[in-house]
Amino acid sequence: MFTPRGTPSSGRRQAPRTGGRKSVSAAQPGLLFSPRRSAVTARSTPTRVQGHAALDSHHFDIQTFGSSLPVKVMEALTMADVDDQISVKVEASGWAWMVCGEQLIIWKVSQTSVAKLSVCKDLQLPSSEFAYSADLISITSSRPLDSAPIQSVSALAVSPDGSARFWPSLAHDGTYTETSLDFAGNVCNYVAAVKGGSFIVSSYRGHLLRLTPDSSGKLQQRPVQQGQGMLSGIGRRVSSLFGIRGQPADITVSTVCSLEETGCLYSLSSCGLSKWEVDENSETQVLSWSTNQIITDSITDAIWDSESNYSEIKKGVNVSYLDMQYSKAGLVVLAAAWHPGDTPCVAYFCLVTLAESIAPSPDLLTVEVTKYNPPFQSEEELQKTRVVLPEPSSPAAYLYNEELVFTCSTGAGRGGLAEEKISFSSPGDRIRGGGVCAGLPVFFSQNSGLVAVLARESASLLPETMEDSLCTSVGTPLETPPKIDSVAQEDKTKLLKQAFLQFCRHDLVGAQSMVDELFPSDGEGSAELDAVVTQIDLDLVDDYPACDPRWAESVPDEGAGFTLTSLILLHQLEDKMKAHRCLMDFLLQTGLLDRLASTMVRMSPMATRLLLCEHAEKLSAAIVLKNHHAKHPELVNTAILSALKKSNTDILTNLTPADVFFREVSQISSIFECLLDEEEKALKEHSDAARWAEVVTVNTIASLHQYEHHSFFLSASGGAGGVRTVITRQHELILRVAYPHADVELRGMLSEQLVALLDSLLSGYVAQLTSLRRAGQQERYVTLENEYTQKRSELLAPLLELGQHQWVAALAEKYCDFDILVQLCERTENQSRLQQYMVKFADQNFADFLFRWYMEKGKRGKLLSQPIATHQQLASFLQAHDHLSWLHDIHAHRTLYSQANMETRYFSKKKTLLALSKLTALASDMPEAVHHIVEQERFQLHQETLPKQLLDEKQLNPDSMPLLSPRNLINLYICDENRGANEYDFKKALDLLEYLEEDRVDLDALKREIFSKALKKDWKESYNAKSAYSARVCFVFVHTGVSLQSYLPDVKDLLQEDELESLKSKPYFEFLLRANYEHYQKAQI
């Protein structure tokens, strides 16, 4: 979501605010500011800083922060050479450090005005040919830093060229260890403390090292783990969908942000944003976003989108990333953009808030183009600017460099700061660093020390253009509010406006007091409260621009409204939106929002909260419509005239129809029906090209409001003139008149636009249904749900008939139209997609819906042909259909048996499928089907009983080993690796011969090979005629009644085997072999 200030180009051309400002100077030595908050106090004694300079600012005060600077800091500043680079960092824990040349001073900031003995350590940094920066220093402690004693605080300093010096305890500043970091010659740029008392060090080229001190204080270093997150194992092509990518060689790291309390570490580089979760001993890269192109495009759109040659400008835009901070809305990135072709060439400073997500998209971005747009000098000069966010939950932001502080907002939340530049330009003064302390933005001024920038109490949250106007409309001086006894509703409206103004000026206590007096929480009259709030918000959205002289005769009562001072229509609408947001904050924080009940709207009761939301949506729609007014002036102006005519609104000669129409925002939705009237007229009168252009334009305007604001009330309004009615009418018009006569390209465009309109309509239904899920609304909920279901089907079915399968699938999936999804899969014969839907919508019983759909359509064959994964669900469904359940049982057995026969890869899977098939057959009372399964299980038993020693030797896992053939099993049983083989192993090898096909395998040769292996094993293990394996095999055959004639090879053929070549020369070998043959053959007779 983009939120540039003003028009898309306002960030570029905003005129400077008039009125002179005095910069910080040393005009009055010794001048101290009185604090407004307890955390910000004046110094009790003068310091080497000549005094705090007086500042004439519209919205801010500059106040000294804490007590006097430590003497060592002041001495270092005094003794510093002109060329010495000085940088300071202030941490929220209350610690600060200054780097001056190769001198490091660390001290604890005292937040009281009385200077007392404070912690301050002067440390010497390792020599380096590069200049140090405060970013290369960090401290940590085993205890919370804000209360940690100095003995437990350790510090790390890293030189840019990679020399690290570590002080285990600041209490012993003379004790330190040193080590050289392995950065392959790259320059270091950031040091961050993380959990476990360790540190992360980053180089400009993206190398990250984790340094952990051991018990002796020596640093142990290792690279930070990369790509170990939940998505790290996927391939490159798939990973690109999630924004995960490998690290290129030419990476450049811009900034590193560490949140020690949450254990998160962020790195912003030239290839995107990375995040690690860091614990005591390890770190895991959980996500890596390729955000740079998205951020660059979003910034470019926010600044240059309104230019006529935007496509050319976009190619030459440069974006530099300067800093990054964490906020509750997401990561806030400070970036500067410039285009070398601009005259003059200026740098646009932007704050980009990026919400965390697996796959970043423009919808997750908030781009705020600030009004700080200095002339572009060099990228190196831009890098000197940083950002400070005092409160993670607040949009307030402070940009700073050596010369100034610029106050602004991130744009990711309501409220924020007025944009103003505060210069630190007195002789010799520079801002040397900054940070956050005590929840305040604190900066280190070379002349003034630590100073805090504070918003003045009277700075209003309202836009400047409305501040004085609201005072005028109230009519009562703020200093003397009237007593409230019994006042008319008109007066209560004015008094509540006065309380609203006090709230906007940060006087929440005074505003709450007035609200409590006007509408006591224990009093009655809620209807009056609803009426007053409704009237104030209506006055706001329908206010007259009284300062525009053309409206002078039309303003009914100068003191009744807010009297906007902006002269440009779009700015008036934006100011109304900002004021409306302030009003909602006021109602929320004063407790009035929860007390609102209902009010009469369009002749029926409506919740007052919902009416306020409706006003916000109408403001949003008005802003979008005005932005597109210039693009389609003829069509929009005609529709505006028609809308004004229908409402019998007069147009004064000195005003345009647009002036009158956009003033009354509450009636903005009346234009949609008029747009359709003009479209139907164009379709009848104009040529093909002109009428198609009219249809496309109306679609564009009608659907654009959804992108600016979630359109609940606009798309949820029905009846004559309601947007639901308008979209339904446009749907019919496109499909009936435009689509049949359009060419392929135009059909694609019309389909895309129609889908956007339907998405808006259906989302309005969903949002309205969600709002009705509460007590007392059940009947209305059921009625609306039935209407929604019917309307959804009526709108999507024609698109399905036209073959727009992709769009139909997208909408039907989003809005859970199962009937359309099933029809789509049946038309495209896509059974795999049906299975995906069963998984995706399992919690919504998609499977039951599918089975019921098959029953209703008479497709029982498909019902009983479901994959194995759905058999349990199908069985549950068929419990209510006894006439089909037995068919399912038979089919289940056959399906499982078929699946088992097709399984050729995994032994365990085939075994499981056979077992399930057998159980299903037995349960279905089909014992005849079990015979074939038992035969296969008998064969599998040979593989299941392979010796464990042999499996280990062959590195086969019983749970994952492949399905082995009979020949492979024979080889395993008789191989030399089967060192524990006995007569049963050789017997199994012979049994497996029956599973081999005689025409493909020489069974006699296999028999000789098996007996040869057995004989060889006999003589290898000291042959004994009684214990020989070959003899025992024969013994087993005899006792099991198996004919030896079918297994014993001819003795002459056996003696010819190569395997027995070495045994032929053995004494008695042939004699014993023949004797055994004769003995067992006669024994079997």
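**Exercise 1. Pairing around β3**

Find which residue of β3 is the bridge partner of isoleucine 86, then describe the pairing and burial of β3.

Solution.

Step 1. In this predicted model, isoleucine 86 has cysteine 100 of β3 as its bridge partner. Strands here are DSSP runs of E with at least two residues, helices are runs of H or I with at least four residues, and both are numbered from the N terminus. Two strands count as paired if DSSP finds at least two bridges between them.

Step 2. β2 and β3 run antiparallel and are joined by five bridges. Their hairpin has four residues between the strands, and glycine 94 in it takes a positive phi near 100 degrees.

Step 3. On to β4: six bridges pair β3 with β4 in the antiparallel sense, and methionine 98 stands opposite isoleucine 105 in β4. This hairpin has two residues between the strands, with glycine 101 at a positive phi near 65 degrees.

Step 4. Buried means under 20% relative accessible area, exposed over 50%, and partly exposed in between, using a 1.4 Å probe and protein chains only. Six of the six residues of β3 are buried, so β3 is largely enclosed by the rest of the structure. Trp95, Trp97 and Val99 point one way, while Ala96, Met98 and Cys100 point the other way.

The numbering starts from 1 along each chain as its sequence is written, and side-chain values use heavy atoms, with hydrogens and water left out. Local features need pLDDT of at least 70 and side-chain atom pairs count only at pLDDT 80 or more, whereas totals for chains, interfaces and linings use all residues.

**Exercise 2. The eight-strand sheet**

Give the strand order of the open sheet of eight strands and find the helix α2 contacts on it.

Solution.

Step 1. The order is β1-β28-β27-β26-β2-β3-β4-β5, with mixed pairing.

Step 2. β1 (60-64) and β5 (120-124) are the edge strands, each pairing on one side only. From one strand to the next, the twist averages 20 degrees.

Step 3. Strand β27 (residues 440-445) pairs with strand β28 (residues 449-455) in the antiparallel sense over four bridges. Valine 442 has alanine 452 in β28 as its bridge partner.

Step 4. Helix α2 (residues 71-79) packs on the sheet and touches β2 (86-90), β3 (95-100), β4 (103-108), β5 and β27. Contact means heavy atoms within 4.5 Å. The direction of α2 makes about 150 degrees with that of β4; axes are lines fitted to C-alpha atoms, for helices over the stretch in contact, and angles run from 0 to 180 degrees between N-to-C directions.

**Exercise 3. The four-strand sheet**

Why is one side of β6 and of β9 left without a neighbour in the sheet?

Solution.

Step 1. The open sheet has four strands in the order β6-β7-β8-β9, paired antiparallel.

Step 2. β6 (137-141) and β9 (177-180) stand at the edges with a single partner strand each, so one side of each has no neighbour in the sheet.

Step 3. Strand β8 (residues 163-167) pairs with β9 in the antiparallel sense over four bridges. Alanine 164 has threonine 179 in β9 as its bridge partner.

**Exercise 4. Two polar residues and the cores**

Is serine 269 buried or exposed, and is histidine 580 buried or exposed? Then locate the nonpolar cores.

Solution.

Step 1. Serine 269 lies in strand β15 (residues 264-269) and is buried, with a relative accessible area of 3%. Leaving aside neighbours within four places in sequence, serine 269 contacts Ile251, Thr252, Val253, Ser254 and Asn292.

Step 2. Histidine 580 lies in helix α11 (residues 569-589) and counts as buried at 3% relative accessibility. Not counting residues up to four places away in sequence, histidine 580 touches Asp537, Leu540, Leu612, His615, Ala616 and Leu619.

Step 3. A nonpolar core is a set of buried Ala, Val, Leu, Ile, Met, Phe, Trp, Tyr and Cys residues joined through side-chain atoms within 4.5 Å. The largest has 101 residues, and Phe586, Phe662 and Phe846 are among those with the most contacts inside it. A second, separate core of 35 residues includes Leu964, Tyr973, Leu1048 and Leu1060.

**Exercise 5. Confidence**

What is the mean pLDDT of the chain, and where does pLDDT stay under 50?

Solution.

Step 1. pLDDT is the predictor's confidence in each residue, from 0 to 100. The chain mean is 76, and 73% of residues reach 70 or more.

Step 2. Residues 476-486 stay under 50, and the model has 15 contacts for them beyond four places in sequence. Residues 704-715 are also below 50, with 43 contacts in the model beyond near neighbours in sequence.
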